[in-house]
Structures are given as C-alpha cells and as structure tokens.
Amino acid sequence: MADRAKHARWKRTVILTCAVLGSGAGVAMAQQQDTAAKDAAPSKDTAAQPAPTDTVAVYDGGLQAGWKDIGWAPRELPKGAPARLRMFNYGGWILYRPKLPGAYGALRFRFTAPESYGEFLDVRLDAPGAATFPHVRISPEFIVKKDREWAEVVVPMEVLNPRSEPFDRLVFRASKEVARDWVLFDKVALVPLSPDVAAARAAGGGRVGRGDGRESKMVIDCTAPSKPISPLIYGIALDGNKETTDTHQWKLGATIRRWGGNPTSRYNWKLGRAWNTGNDWYFRNVQLGFGAEDFLESNRQHNVQSALTLPLIGWVAKDTSSVGFPVAEFGPQQAQDDTEPAGGNGVRRDGTPLVPGAPTTTSVQAPPEFIGEWVKSLKAAKRGVNMYILDNEPALWSSTHRDVHPEPLTYDELLKRTIDYGSAVRKADPEAVIAGPAEWGWTNYFWSAADFAPGRPPYTDRRAHGDVPLLPWYLRELRDYEKKTGVRLLDVVDVHFYPQSNVGLGMEGATDPDTNARRIRSTRALWDPTYKDESWIAEPIQLIPRVKQWISENYPGRACPLASTTSAP
C-alpha cells in the first residue's frame, strides 16, 4: 500500500444529498470520479511499449479479426451491422483478444440506448490474473459527439488504466437494472489520442485524465427506485460441535440457519439425538447434546429462519453407539478410533478399501414415508421450518457414507430419490419450500458420481443421458414431471461452493498477503465470467449467472442458489 500511495495521490470530495426514507429506499445511482496525480507511474511491463499510431478496430459492422466475444447478455452480432444487446439483469458483453499488443490512448465507441435507461453503462478493461481496473460510468463528460440517437464516446486510458497494466479484454456492463430493449454498439476501437480527439476534449467533450488533482463528486439519489435483496443471503450453518455452547452465532445478525452437513444424511428424527458421522469420524453413531427440534426452537427464540436437511440416502442411525467398520469384525485398519466399540476408517493398513458390511450394522431403513411422517409432525407442531433441503451432497455418498451407500450415485438414482422423497414432503406439507439437489461443487454440477467411479469408463452416465450436464438435466426432468403430474417438487436450486485455490477454510486458512489476496479474488468465481479460477478448475465458474441461465432454460421459476464456502443456505 505504501508503494501505491507514493505513486498515486488522490484528492476526493464526496457530496451526499439524501433524505431519510423508508426501508424501501436505497442507493440507485452512485457516480465517483477519481483523477491520478501527474506522478502516477506506468508499470515496467508496458512503459517500454510504443504507443500505436493506428486505430485497432474491435467491432465495426462485425467482430474484427483476432477478437472474440463472450458475455452474459443476450446478443446478436449481425454481419455488416451494429451489435445488439439486451442488458437487463445487469447484462454484460466482453470483447477480448489474447496477447493484445501495444499501449493505447483511449477506448472509442458508439452506442445508442433508450432514453429511459439514463446513465446505465459501465465500461472497464480486464485481464487474467490479479490485475484490477477501474469501473467507468459513461456520463456526458465522456461523450464527444451526438448524432441523433447515437452517442460517440471516448474514454482515455489514464481513466481506464491508470497504472498502465497489460489487458486483453473490454467489458461493457449495465450498472443498474434496465429493460429488455436493444442497446446497439458499433465502431468499437482502441485509438491513439489523435488530434481530433484532443480537440474535442479541449472543446469540452471527453474527460481530462491527467493533471493536478481536482475535486471529485459522488451523488446518491435516494429518491430513485430501489432494488431489494433477499434478507436470506445472511445465512450460517449449524456447527454440531459448538451448538450448545456457542453464543457468538446469535450476535452475527444472521437471518437463516441451516441444519446440514454430512451427519444430517443419517439423522434419526425418531431417536431425536442420533446420527452417523460417516467418514468424517470413523462411521460412528453418536449421541448429540441436542436434536433437530432443539435447533428449530433456538432459531425461533432468536428470530432466525430455519433450513432443515432431510435424509434421502435411505438409512439413518439405529442407535448412538454402533460403528460401520468395527475392528472386532474387520480387523486393524489404517486409522481407528478405540472408543468402545472400536471402529476404523474402513481402509486396510495396506491402503485397500474394505468392503462394507450390511447397512443394518449401524442403521435402519428410512424410506420416503419415514421422512414424510417427520415433515407432517413438524408442520403439526408449527416448528417453523422455512425450507426443506433434499439431503446433503449426494454425489459424495459413496465416499462419505459408503458403509450404507457404497455404489456411486447416478443421474437416474438422484432423480428417483428426488421424486420419491420430494413427493412425500409435498404430501405432508403442500406449502413447503423444497430445495435440492445440494450438490457439493464444480464437477457435480456437470457429471454424476458414476461418471468418475473407479473401474468404470469415464463419463458414461452423462453420455447415456444425451450428454447433458447433470444439473440442467435434473431441472428439465423435474419440469417435465411437474407438467405431467401437476406436482412441484423443487422450489429452490441448492448447490454448494467451495473455493478450490487452496485458501483454506475456518481456522486452517493461511493469512499471508498472497493467500489473503487470493481469498478475496476467489469470490469473483460466483459472478465474474472473466475470472479464470486460480485452481485445478482453471476456467471461469461464474456460478450464479451460470445457474440462473440453467434455471431459465430448463425449469423457469426456481429460486437461484445462495452459494457459500460453508454450505450455508
């Protein structure tokens, strides 16, 4: 921070004009203009590059050679005509050219949009990796010419790229919600600061980027229409180890709490305080110091909504003491818990997985009727369950709970269990909010556990289902089921998200500067289509826009996921 401060000093005045309004009021428009001082130094990577003498066309009646387009706004790029985009839902358009050479004076383009949109357009540069670039709101100071409905825009590079960092893409995005009318773009180019541009700016058009620091203004219009967010984004998950002792969780301001995690797949509601820990702790049945009803009552007392995981795996703990791989039966194992009765991790000392015994070693059957009875009792007792989640990360059952479900989950089994158990929930509580499939992460948005099972040809399950990714297929099948039967089994699409770039979770995460920066950047995987995930995934995840698109294409009307590193709802 010290080096950055030495090279760029900012002078800023903030003007706030705001009346005290009701809860529906919000910030509708914020415009901030910052100007670097004269001594802002370019980076070594670009300082030696010659400034181009020719315009580099990007889009001119069509995408120019070497350029590619991606984005999340519906768009048409007709040959010999302007590009057309629908920028509702904060839609965006990205134009990129790998290994883009040279330095540039400005970005120039023409656009036209409905007058009702106002100042809605945000423009920035981007690049793979950690570099960040300013978001620039296109306001009248950047417009150098008006030709009927078309506006010609010039944004100097000292505004878009004040540190002269390498970039390879241009990002155009709606900075506020707009309608579905077309927005047209043409004559997009990277240009030197030619004499006509300089003259236009001197005459009052375009922004003067360098020079003495000057005052900037930010205006907040509190009378403009607001867009509310769901209060349920502030959710947390149950911590089974601290449920009876932790008071801090009630001070966080959380609005919903989730009864979830691996052991809840084997929770026996009739015993009240029994579940199985799976491979997290030697496949052991344990007695909890609390039960689901205690969890629900605690939430009620603290005015927190409840999301409750329901077992779909078909087996729940039969007692509070049995173990899945007892040493007395299976012999010594790679790791074992000597608590009586002694249980192991299900792996021989040579690393060979043990074939599990009968599920009845630890469990009793839990068919759909068993779960429906639970939901019915909760509804009758008015326990205040706001959402029912259809189990927890079922694609991992053959690992997490392999003592009772050793076979990898397939497309068809996931769908069948969703229909069977979801129908029981809907029958027991017609107004229930049902969420699923609660899958664990990246690979299981696209493939089933069977697609990666040892000893099987890869991807055969997906190919047997039209080579359609798992989550879109699942949504489509449930849509068709509802059309056929009139029974809706899914209200919320629930997927889990864990950063894969080795940033650590909980107290295990490192706190060195590099890890801290990577941890902050990792959240871009939730929304940014230009962010290449810094992990084995090595491609953009853009989880929320991606799942929204899958929903709109396959089962419109479902709520979008709220993803979390803690699997919170």
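This tour visits three groups of strands in a predicted model.

**First stop: the six-stranded sheet**

Select strands 13, 14, 17, 22, 23 and 24. Together they form an open sheet, ordered 13-14-17-22-23-24, in which the pairing is parallel. Now colour residues 235-237, which are strand 13, and residues 492-495, which are strand 24. These two strands lie at the edges; each has a single partner strand, so one side of each is left without a neighbour in the sheet. On average, and with direction ignored, neighbouring strands here are turned by 25 degrees against each other.

Next, add residues 434-439, which make up strand 23; this strand runs parallel to strand 24 and is joined to it by four bridges. Within this pair, Glu439 is found opposite Val495 of strand 24.

**Second stop: the five-stranded sheet**

Select strands 2, 5, 11, 7 and 8. They give an open sheet with the order 2-5-11-7-8 and antiparallel pairing. Its edges are strand 2 (68-71) and strand 8 (136-137), each of which pairs on one side only.

Then display residues 92-96 (strand 5) and residues 169-174 (strand 11), where five bridges link the two strands in the antiparallel sense. Gly92 faces Arg173 of strand 11.

**Third stop: strand 6 and its partners**

Select residues 106-112, strand 6. Is this strand largely enclosed or largely open? Six of its seven residues are buried, so strand 6 is largely enclosed by the rest of the structure.

Add strand 10, residues 150-156, which runs antiparallel to strand 6 and is joined to it by six bridges. Here Arg110 has Glu152 as its bridge partner. Finally, show strand 12, residues 182-191, which also pairs with strand 6 in the antiparallel sense over six bridges. In this pairing, Arg108 stands opposite Ala189.

Technical notes: Residues numbered from 1 in each chain as written. Predicted model: local features only at pLDDT ≥ 70, side-chain atom pairs only at ≥ 80, totals over all residues. Heavy atoms only, no water. Pairing = 2+ DSSP bridges. Axes fitted to C-alpha atoms, helices over the stretch in contact; angles between N-to-C directions. Buried < 20%, exposed > 50% of the residue type's maximum accessible area, 1.4 Å probe, protein only.
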